[in-house]
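Thanks for sharing this one; here are some notes to read alongside the coordinates. I have kept them as numbered points so that you can check each against the view.

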Amino acid sequence: MSESAARTGPRVVALGPRPETGLLSTTAVASTNRARVLQALADHGPLSRADLARHSGVTRASIGGVVSGLLAEGVLHERPAEASGSRRVGKPSRPLWFTDRGPLGAVVIEPGTVDVGVVGPEGQVSVRRSVALPPVDSTAEFDAAALDAIRSVLGPQQRLAAVGLALPGFFGPGGEILASTTIDVLPGSRLPALLAAATGTTVVLEDDARALALGQRWFGQARGVRDFAALQIGDGIGAGIMLNGRLHRGPLVATEVGHMTLDHDGELCRCGQRGCWETLASLRWLRRRCERAGLPGAAATPHALTELAADGDAAGAEVLDEYAAHVALGIVNLFHVLSIPLFILHGPIVAAGQRLLDRVRAHVGDRTMAALNARPVIVMDENSTRSGLLGAAAAAVTHQLGVTL
Ligand SMILES: [Zn+2]
């Protein structure tokens, strides 16, 4: 057990799957029914009692009692019928949903910046601040700078229900940060424990790309969607992949889609391997490619390139199309291997808008096996600048409600 998993005071937890329940005693059946009901809501969004019985596997005879108990305890509440999130027509019953347990703190660590906010139960961001971090030489300096930035927004006075902390790294079970491919000083950071002490509440750690998927599932375009991938495409490439309603973690608790090899003799990647997807479809590739094409440095963003192409710049249009083709390659591989039907693109690529999206879709179509007779749906993230915070908040709420995603 690591020192960060201190047993006293606010806790730090790394989000992960909960243990499977085996054979059950009669008292355990009641708590299992409760857990099934909560899990069904997390999986499907707000549901009527009838739908809840169907989705949870709890019998119609038992569902009333289970729901009454959860309503009495204030765990759930009934939503007005007219504001129903139910996707069924003609159901007069009021859908059930989780009761607001208080505001959630959200912190997203990226290379050079910390994004901090307070998020409400429906994904409203009420307070927000993005702080540039000064260059640091050590983990201790990083911790101090990041904590300063976070404390300018979050503190014990806000009575936060929990704080979600999303960062680019691998964690141990007690929340110890073991490695990071994008922030050198992050391994060994005590930030999660320091943040728990500073806010007086539980800190829930999650990988930044997986957090994006959780945010889409709780608050965004993937509510009730069982299979999808949230792709973060920027200086690096990451993915949060939801399969059969659960976030894929794997036994190593790390998935590195950005480092799938796409070019046998390709360029050296920062991971030490060659020809990774990141060497072909990250902003680093885009900057190098723009330079080779003689385009000005300012053109080396997906947004600026799109504007150039729209203005009729042939070189800009060519680079943009090549970028789209490279982004498409990774998507096609993920689609062929995992049969993921929905990809939500996040990061600076979103600012490139419809023109780039159309090109990515076209390249994916060209590269997808015709025999599959299907293509994935590819969309841009609609929450754009809020998505990181929503993801961190979603990690916190997932832990807080005791459900598995
Ligand atoms: Zn790599």
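1. In this predicted model, helix H6 (residues 208-219) is a good place to begin: H6 lies across strand E4 (104-110), strand E7 (162-167) and strand E10 (203-207). The angle at which H6 runs to E10 is about 105 degrees.

2. Helix H12 (residues 387-400) also deserves a look. H12 lies across E1, E4, E5, E6, E7 and E10, and runs at about 130 degrees to E7.

3. Now to the sheet that carries these strands. Six strands make up an open sheet with mixed pairing, in the order E1-E10-E7-E4-E5-E6. Its edges are strand E1 (12-14) and strand E6 (125-132); each has a single partner strand, so one side of each is left without a neighbour in the sheet. On average, and ignoring direction, neighbouring strands here are turned by 20 degrees against each other.

4. If you follow strand E5 (residues 113-119), you will find that E5 and E6 run antiparallel and are joined by seven bridges. Within this pair, Val114 stands opposite Val131 in E6.

5. Which residues touch the most other members of the largest nonpolar core? They are Val107, Leu165, Ala392 and Ala393, in a core of 111 residues. Helix H10 (residues 314-338) supplies the largest share of this core, with nine residues.

6. Val107 is worth selecting on screen. Leaving aside residues up to four places away in sequence, Val107 touches Val114, Val116, Ile150, Val163, Leu165, Leu195 and Ala392. Val114 is thus a contact of Val107 as well as the residue opposite Val131.

7. Please do look at the other open sheet too. Five strands form it in the order E13-E12-E11-E14-E15, again with mixed pairing. Strand E13 (246-247) and strand E15 (377-380) are at the edges, and because each has a single partner strand, one side of each is left without a neighbour in the sheet.

8. Inside this five-stranded sheet, strand E11 (residues 228-233) pairs with strand E12 (residues 237-243) in the antiparallel sense, over six bridges. Leu231 has Ala239 in E12 as its bridge partner.

9. Finally, a check on helix H3 (residues 60-72). With 13 residues at 1.5 Å a residue, H3 should span 18 Å, and its end C-alpha atoms are 19 Å apart, which agrees. After H3 comes Gly74, with a positive phi near 80 degrees.

Definitions and conventions: Residues numbered from 1 in each chain as written. Predicted model: local features only at pLDDT ≥ 70, side-chain atom pairs only at ≥ 80, totals over all residues. Pairing = 2+ DSSP bridges. Helix = DSSP H or I, 4+ residues; strand = E, 2+ residues; numbered from the N terminus. Axes fitted to C-alpha atoms, helices over the stretch in contact; angles between N-to-C directions. Contact = placed C-beta atoms within 7 Å. Core = buried A, V, L, I, M, F, W, Y, C linked by C-beta atoms within 7 Å. Buried ≥ 20, exposed ≤ 12 C-beta atoms within 10 Å, placed from the backbone. Expected span 1.5 Å × (residues − 1).
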